[in-house]
Structures are given as C-alpha cells and as structure tokens.
Amino acid sequence: MTDDLTNRAVEARRALAQALTGTGDLTDPDWRRAFEEVPRHVFVPYFYAPSGERISANDPATQEQWFTAVHEDRSLVTHRTDGAATSSSSQPSLMATMLEALTVVDGLNVLEIGAGTGYNAALLAHRLGDDHVATVDIAEDITGPARERLATAGYRPTVITGDGCLLGFCGRQGPGQIPQLRIDRSFDPLVVGSSPTRSTTRPRPGRVFRAGAAFRAWVILYVS
Ligand SMILES: C[S@@+](CC[C@H](N)C(=O)[O-])C[C@H]1O[C@@H](n2cnc3c(N)ncnc32)[C@H](O)[C@@H]1O
C-alpha cells in the first residue's frame with residue numbers, strides 16, 4: 001500500500017468513526033479511538049460483491065471501489081465456499097454497538113466466537129490488550145489469514161481454530177471444551193448477513209443469542 005493510500009485510510013477511518021458517533025452507534029471515546037486507529041483495510045484486502053465479483057486492493061480496476069467500501073458502514077463478504085458466503089467483516093456500526101454493549105473494563109478477558117477477518121479481535125486487542133483477547137473460528141483457512149493480518153496491524157491476541165459450538169451455545173454439543181475459560185458473562189451476538197441493511201438486533205448483556213443459520217455467521221463474545 002502506498003503512503004498516499006495509507007494517509008487516505010487514516011482520514012477515511014476518522015470520517016467513519018465520526019459518522020458512527022453521529023448515528024449514536026459509537027459513544028465511548030476508547031472504542032472511538034480503536035475504530036480510528038485499527039486499519040480495517042489490512043483485514044479486508046478483498047471482498048466479494050453480491051454478484052460474486054472479487055473487489056480487491058491489488059486489482060487496479062477495483063482498488064478505488066475496495067478502498068471506499070472498506071471505509072463505509074458495510075458488512076463485506078470475505079470468504080466463499082462453493083459460491084456461498086461463509087465469512088465476512090461485520091458492519092462497523094453493529095460492531096460498535098456490540099463492543100459497547102460488552103461494557104468492558106480494563107483487565108476483562110474477551111473470547112470472540114467467529115474471528116472472521118480478525119478485525120473485531122483487533123479492536124478488542126486495541127482496547128483491552130493482546131493478552132485479554134482470544135478469538136475462535138472454525139476453519140484454518142480463516143484463522144491463518146486472520147492471525148497474519150492481526151500481526152501485520154500490530155496485534156497478537158490468541159487465535160484458535162476450533163468449533164465454538166463446543167462451548168454449548170449452538171443448541172448442540174457443549175459445554176465448554178475451548179480453552180480453559182471461565183465465562184462470567186455472555187451477551188447477544190449480532191447476526192451478520194450479506195444484506196447491507198442495518199440490523200435491528202441489539203445485544204443485551206446476560207443473554208445468549210443464537211443467530212439465524214442463513215449465513216452460518218454468528219458472532220458471540222463471551223466475557224470472562
Ligand atoms: C460474520 S463472520 C465474523 C466476523 C468477524 N468477527 C469480524 O468482524 O471480522 C462469522 C464467522 O463465524 C465463523 N463460524 C461459523 N460457525 C462457527 C463455529 N461453529 N465455531 C467457530 N466459528 C464459526 C465463520 O467461519 C465466520 O468466519
């Protein structure tokens with residue numbers, strides 16, 4: 001990425017954080033700083049348009065479209081399996097709402113189920129520190145790149161390849177086989193679909209939520 005693009009990204013993140021503040025999705029100054037400083041573009045070097053077209057930073061024909069999209073309040077499909085979307089970078093406003101609903105304080109440990117790109121884990125690591133964040137995803141071809149992009153952006157939370165359902169909140173299996181976590185609180189995840197419309201789902205601390213299966217994409221954060 002050129003210096004010019006890096007500088008533009010700084011400005012674009014500020015603008016997005018400002019917009020999320022304006023809509024009331026981002027109210028906490030610590031989280032605002034995280035959104036301003038964690039580079040989403042590093043975690044989403046490409047995504048798939050609804051048509052299936054790959055929109056990539058490395059393709060001069062799509063670079064500008066890519067840059068604009070990764071700095072907008074949009075969920076972006078980042079992984080497809082047999083033509084179906086299987087992972088995404090969640091919509092920033094939903095992430096902001098979700099993160100603020102965690103009501104974190106220094107020293108809390110957060111486990112995220114559904115690492116995806118690693119961007120949300122980076123926001124958590126920015127706020128809480130690497131040692132306080134773990135993130136799980138079911139497939140190595142998702143956790144591998146997430147781990148690399150986290151390192152590129154300067155974050156090293158624990159990234160685990162595993163089935164979050166082993167924790168027992170998917171309506172099957174469980175209870176907890178993924179690392180030695182003492183779960184004190186859990187809260188609603190947010191359904192992240194490929195639809196650009198805003199979800200009306202709002203997380204409520206203390207209740208476990210199971211998202212619809214349509215996108216096989218649910219995000220649960222457990223606070224231990
Ligand atoms: C919406 S994406 C995560 C978005 C990510 N938190 C972000 O903001 O960049 C949901 C993720 O959940 C993962 N997933 C689905 N089922 C899972 C399971 N049983 N255990 C762990 N991860 C799972 C998918 O592979 C997908 O990457």
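What share of the contacts in the protein chain between residues at least 6 apart in sequence join residues at least 24 apart? Here is a friendly walk through the model, with that point taken up at the start.

1. **Overall picture.** This is a predicted model, and the share asked about above is 57%. The protein chain holds 7 helices and 9 strands. Of its 224 residues, 42% are buried.

2. **Confidence.** Please keep this in view while you browse. The mean pLDDT of the protein chain is 78, and 73% of the residues reach 70 or more. Over residues 171-220, however, pLDDT stays under 50. The model still has 113 contacts beyond four places in sequence for that stretch. Where pLDDT is low, the predicted coordinates should not be read in detail.

3. **The nonpolar core.** The largest nonpolar core has 45 residues, and Phe35, Ala122 and Leu123 have the most contacts inside it. Helix α6 gives the most to this core, with 7 residues. Both domain 1 (3-88) and domain 2 (90-223) supply at least three residues to the core. As background, nonpolar side chains tend to be buried together in soluble globular proteins.

4. **Helix α6 and Leu123.** Helix α6 covers residues 119-128, and 10 of its 10 residues are buried. The buried set includes polar names as well as nonpolar ones: among them are Asn120, His126 and Arg127, alongside Ala121 and Leu124. If you click on Leu123 and leave aside neighbours within four places in sequence, you will find contacts with Ala34, Phe35, Val38, Met95 and Leu99. Just after α6, Gly129 takes a positive phi of about 100°.

5. **Helix α5.** Two of the Leu123 contacts, Met95 and Leu99, are also buried residues of α5. This helix spans residues 92-101 and is mostly covered, with 8 of its 10 residues buried. Pro92, Ser93 and Leu94 are among those buried. Just after α5, Thr103 has a positive phi of about 45°.

6. **The loop from α5 to β5.** Val105 lies in this loop, and so does Leu108. Is Val105 buried or exposed? Val105 is exposed, because there are 8 other C-beta atoms within 10 Å, and a residue with 12 or fewer counts as exposed. Leu108 has 17 such neighbours inside 10 Å and therefore counts as partly exposed. Each residue can also be placed relative to the end of α6 or just beyond. Val105 and Leu128 are 23 residues apart in sequence, with 8.0 Å between their C-alpha atoms. For Leu108 and Gly129, 21 residues apart along the chain, the C-alpha separation is 9.7 Å.

7. **Strands β5 and β6.** In strand β5 (residues 110-113), Val110 and Glu112 point one way while Leu111 and Ile113 point the other way, and all are buried. The general pattern is that side chains in a regular strand alternate between the two faces of the sheet. β5 pairs with strand β6 (residues 133-137) in the parallel sense, over 4 bridges. One bridge to look up is that of Val110, whose partner in β6 is Val133. The chain goes from β5 through α6 to β6, making a right-handed β-α-β crossover.

8. **The β3-β4 hairpin.** Strands β3 and β4 run antiparallel and are joined by 5 bridges. Arg80 stands opposite Ala85 in β4. The hairpin has 2 residues between the strands. Asp82 lies in the loop between β3 (76-81) and β4 (84-89), and its phi is near 50°, a positive value in a residue other than glycine. How many other C-beta atoms lie within 10 Å of Asp82? There are 5, so Asp82 is exposed.

9. **Arg8 in helix α1.** Helix α1 runs over residues 3-22 and contains Arg8. Arg8 is partly exposed, because 15 other C-beta atoms lie within 10 Å, whereas a residue needs 20 or more to be buried. Arg8 and Phe67 are 59 residues apart in sequence, and their C-alpha atoms are 9.3 Å apart in space.

Conventions:
Residues numbered from 1 in each chain as written. Predicted model: local features only at pLDDT ≥ 70, side-chain atom pairs only at ≥ 80, totals over all residues. Contact = placed C-beta atoms within 7 Å. Core = buried A, V, L, I, M, F, W, Y, C linked by C-beta atoms within 7 Å. Domains from an automatic or database assignment. Pairing = 2+ DSSP bridges. Right-handed = clockwise from strand over helix to strand, strands pointing away. pLDDT = per-residue confidence, 0-100.
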